[in-house]
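Biologist: Could you take a close look at one part of this protein for me? I'd like to hear about the cysteines, and then whatever else you can tell me about the helices.

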Amino acid sequence: MRYYNPNRLLRFRIVFYALASVLTAGFIFSNSLPSVAESSATSGPLAALLQRYLDPNGILSPEEFHNLTRKAAHFLEFGLLGLFVCGFTNNLGKLRLRRYVALPMLLTLLTAVFDELLQYFTQRGSSVTDVALDFVGALCGICAMAILSLLFRRRH
C-alpha cells in the first residue's frame, strides 16, 4: 500500500511550475523572433476569426481589432507566466511574503524587458508601454496565484 509523501508532492509541484515557467517564457520569446510580416500573417487570421464573434457589428476596424488582439495575447501570456512563476516561488520553501511576491515580480519584469529587447533587435520595434502591459498581465497572474494559495492554505 502506498502512503502519502508530502516531499514527493512538493518536488513534483516545484518541477511542474519551473517547467511551465520556462516553457511559457520560451513561447513568449519564440513569438518575438519572427518579422513583423510573418507575425502579422500568423495572428491576422485568428484576429479576423475572433472579430466575427466578438465584434460582429464592426465597431473596430480590422487593424484596430488585430492590434487589440495582439495586446490581449501578450497580457494573457504574461498572466500565465506570472501565475507559474508565483507557483514556483510559493513552493520553494520559507520565503517571507515580500520575497514571495517580489521575486516573481522581478522575474516577470525582466522577462518583459528582455522580450522587448529581443523585438528591438529583430527589427520589430519595442516600447515601454508594451513592457508595462506585459508586467500588468504578470501582476494579475501573480495576484491570482497568491489568492489561490491563500484560499488553499486556509482550507487545509
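Modeller: Here is a walk through the cysteines, followed by a helix with a bend and a patch on the surface. Keep in mind that this is a predicted model.

Let's start with the sulfurs. A search of the whole structure turns up 0 disulfides. Take C86: the closest cysteine sulfur belongs to C143 and sits 8.4 Å away, so that pair is too far apart for a bond. C86 is also buried, with a relative accessible area of 0%. What about C143? The nearest cysteine sulfur to C143 is that of C140, at 6.6 Å, and C143 is in no disulfide. A disulfide here needs the two sulfurs within 2.5 Å. C143 counts as partly exposed, at 45% relative accessibility.

Now for the bend. Helix 2 covers residues 36-54, and it has a kink of about 30 degrees at S43, shortly before the proline P45. S43 is also one of the buried residues of helix 2, along with S39, A47 and Q51. That spacing fits a general rule: an α-helix has 3.6 residues a turn, so residues three or four places apart point the same way. Among what covers the buried residues of helix 2 is helix 3, residues 62-90.

Last, the surface. L109, V113, F114, L117, Y120 and F121 make up a nonpolar patch there, with about 600 Å² of accessible area together. V113 lies in helix 4, residues 97-121, and is partly exposed, with a relative accessible area of 35%.

Terms used: Residues numbered from 1 in each chain as written. Predicted model: local features only at pLDDT ≥ 70, side-chain atom pairs only at ≥ 80, totals over all residues. Heavy atoms only, no water. Bend = angle between axes of the 7 residues up to and from the residue. Helix = DSSP H or I, 4+ residues; strand = E, 2+ residues; numbered from the N terminus. Buried < 20%, exposed > 50% of the residue type's maximum accessible area, 1.4 Å probe, protein only. Contact = heavy atoms within 4.5 Å. Patch = residues over 30% accessible without salt bridge, like charges linked within 9 Å, V, L, I, M, F, W, Y side chains within 5 Å. Areas by Shrake-Rupley, 256 points an atom, 1.4 Å probe, with all protein chains shown as cover. Salt bridge = Lys/Arg side-chain N within 4 Å of Asp/Glu carboxyl O.
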